Every structure is written in C-alpha cells, then in structure tokens.
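Student: I'd like to know where the labels people put on a structure come from. Could we go through some together?

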Amino acid sequence: HAPPPAPAPPAGCFVFDLPDWPQVDFAKFGPVELRPLARIKKLSGANLHRNWISIPHVTQFDEADITDLEAFRKTSSADTEREGFKLTMLAFLIKACITALRQYPEFNASLDKTGENLILKRYYHIGVAVDTPDGLVVPVIRDADRKGVFDLARELAEISKLAREKKLKPGDMQGGTFSISSLGGIGGTAFTPIINAPEVAILGVSRSAMRPVWVGGKNADGQFVPRLMLPLSLSYDHRVIDGALAARPATPVRLRA
C-alpha cells in the first residue's frame, strides 16, 4: 500500500526540503569537549529557528541623539539609587517605543493564523531581553504605557533579578506586543535581532558613543559638535511593514518620570 499523503502545512507556512546536517567526527581533527546546551537555549533555539525561516526579516539601522537625555538620566539617578534601583536608558527607550507604537500601530500587531488579517492590539506589553548565565529570556512588562520612567526602571530591576535567579514564571514571558533587545551595556555598533513571533517587530539597541554631528543646517555656517549617539536596529516582518513605514520618524513627546 502507498503511504498516506503528508498533512498540509498551516496557512502561511512553508516546507523546506533541506539536506541533512553534516555529521562530522570533530575528534579526528583535535581535542574536543562535549558541553550540553542549557535548557533555556534548547527551548529558545527551536523558536528562534522557526522565527528566522518563517518570517521575512528586514532590519532598519539608525541613530538617536541621546546627549540631553543622558544628562537628564545622570542627574536623576541619585534619586532612584536612594530608592534602591538604577535609572537605566532602557526605561526611557520603553517609553519612546510606546510613543512610536501609538503613532504606527502596525508595529504593535500580529498576523492571524490565516496570514490574511492583522490583529491590532490596544495594549502595550513590552518584552525585554535579559541575559542570564543559562541563556536569554524575555520577560514582559505589562501596560508599560501606564507607567512612568521611574516605575519602569524599578520593574526592570525586579524582573532582571528574577530572571537571573531563575524565578520567572511562564506567564511572566507571555503576552508581549513588541520587544527590545539591548546590548548597550556590552558593546557593538549594530546587529540584526530576530523577531519574537507572533510579534512583528523588535528593536535592537547597541552601545552609545560620542560622534561628530553637523549642526546648523546644510550651509557652511554650521559646524560639527560632539553628540552622544545611540545605534538602533529595528527588525520587522516585511509581510506587515514596508521599509518606508519602518524608516519614518515618530513625533517626539515629553516623557514623565
């Protein structure tokens, strides 16, 4: 009897007929060590692979001038440190992202399972990638739009501590509408973050650096001045978001502490 036909893949998914993974006896070429992957990496690895091959990623690179914002953050840090937490740039980035998400709701959305409809979310739950000894986890700050910068900084400190102590619950990492992955405390100038499905975009943040910026218009009466610039890498699902929308700036607003 002929074997039954393979079931059809879900709508919007593709079947990849890939060659088998190379099987190599590495010990033939030199000393090796076998180190099992941490459980977090095993779980996240499968999801990252699915997201990378099933979502048409595009990454938009840009820089933000944070000179004045960093000066404000430093002057305000003494107040938060007295309360037991640090005022990080990430808290300001969350608020800035919410401003952009409100102006461009396509980024705060998901495709439905048919791939033919966009689900626009009217809530703002921001996932924040946290590096732990066992791998990367993405806890979610819920209703971030209803919280001030100081509240967000305090919650970021709390969830980061829970993540490093392996005390996060599954529900703490569910329901996100948009994610931020920050490597600013480590280094680099840009990278291509992988979208955390079913979200449609993720913002990567690299280390800020002083750069000469032309100020004074396009004419010769301007000059180069040192400004603190923050590299940003926005990966987005090209099925939902076009390049023009990703590159378009958001209107700035005043942030509250």
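Tutor: Here we take a few labels and check each against its cut-off, keeping in mind that this is a predicted model.

Student: Let's start with rings. How many aromatic pairs does the structure hold?

Tutor: Two.

Student: Why is the pair of phenylalanine 72 and phenylalanine 92 called edge-to-face?

Tutor: Ring centres within 6.5 Å make a pair, and planes over 60 degrees apart make it edge-to-face. For phenylalanine 72 and phenylalanine 92 the centres are 6.1 Å apart and the planes stand at 80°, so the pair earns that label.

Student: And what makes this pair a link between distant parts of the chain?

Tutor: Phenylalanine 72 sits in helix H2 (residues 67-82) and phenylalanine 92 in helix H3 (residues 89-103), with their positions 20 residues apart.

Student: Is phenylalanine 92 buried or exposed?

Tutor: Buried means under 20% relative accessible area. Phenylalanine 92 has 3%, so it counts as buried. Phenylalanine 72 has 41%; as that value falls between 20% and 50%, phenylalanine 72 is called partly exposed.

Student: What about tryptophan 214 and phenylalanine 224: why is that pair edge-to-face?

Tutor: Run the check again: their centres are 4.9 Å apart, within the 6.5 Å limit, and their planes are at 75°, which is over 60, so edge-to-face it is. This pair also joins distant parts of the chain, with tryptophan 214 in strand S10 (residues 209-215) and phenylalanine 224 in strand S11 (residues 223-237), ten residues apart.

Student: Which exposure label does each of those two get?

Tutor: Tryptophan 214 comes in at 37%, so it is partly exposed. Phenylalanine 224 has 57%, and because exposed means over 50%, phenylalanine 224 is exposed.

Student: How do you know that arginine 102 lies over the face of tyrosine 124?

Tutor: The distance from the ring centre is 5.6 Å, and the limit for a charge over a ring is 6 Å. There is an angle condition too, within 35 degrees of the ring normal, and arginine 102 is listed as lying over the face.

Student: On to helices. Why are H3 and H4 called oblique?

Tutor: Their axes come within 8 Å and cross at roughly 120°, H4 being residues 149-164. Roughly perpendicular covers 65 to 115 degrees and roughly antiparallel starts over 145, so an angle of roughly 120° leaves H3 and H4 oblique to each other. The crossing of H3 past H4 is right-handed.

Student: Which residues make that contact?

Tutor: From H3 there are Leu90, Ala91, Phe92, Ile94 and Lys95, and from H4 there are Val149, Leu152, Ala153 and Leu156. Phe92 takes part here as well as in the ring pair with phenylalanine 72.

Student: What makes glutamate 70 count as buried?

Tutor: Its relative accessibility is 14%, under the 20% cut-off, so buried is the label. Glutamate 70 is in helix H2, and leaving aside neighbours within four places in sequence, it touches Met89 and Leu228.

Student: How do you know that methionine 229 is buried?

Tutor: Compare again: 9% is under 20%, so methionine 229 is buried. Methionine 229 belongs to strand S11, and its contacts beyond four places in sequence include Glu63, Ser208 and Val213.

Student: Why is leucine 120 only called partly exposed?

Tutor: Its 37% lies between the 20% and 50% marks, so leucine 120 gets the in-between label. Leucine 120 is in strand S3 (residues 118-120).

Student: What is unusual-sounding about the phi of aspartate 143?

Tutor: The phi of aspartate 143 is positive, about 50°, although the residue is not a glycine. Aspartate 143 lies in the loop between strand S7 (140-141) and H4, and at 23% it is partly exposed.

Student: And which label does lysine 166 get for exposure?

Tutor: At 64%, lysine 166 passes the 50% mark and so counts as exposed. Lysine 166 also has a positive phi, near 60°, and sits in the loop between H4 and S8.

Student: Last one: which peptide bond is cis?

Tutor: The one from alanine 197 to proline 198, with omega near 10°. Proline 198 is in the loop between strand S8 (178-182) and strand S9 (201-205).

How values were computed: Residues numbered from 1 in each chain as written. Predicted model: local features only at pLDDT ≥ 70, side-chain atom pairs only at ≥ 80, totals over all residues. Heavy atoms only, no water. Phe/Tyr/Trp six-rings, centres within 6.5 Å; stacked < 30°, edge-to-face > 60°. Helix = DSSP H or I, 4+ residues; strand = E, 2+ residues; numbered from the N terminus. Buried < 20%, exposed > 50% of the residue type's maximum accessible area, 1.4 Å probe, protein only. Axes fitted to C-alpha atoms, helices over the stretch in contact; angles between N-to-C directions. Parallel < 35°, antiparallel > 145°, perpendicular 65-115°, else oblique. Left-handed = near helix turned anticlockwise from the far one by under 90°. Contact = heavy atoms within 4.5 Å.
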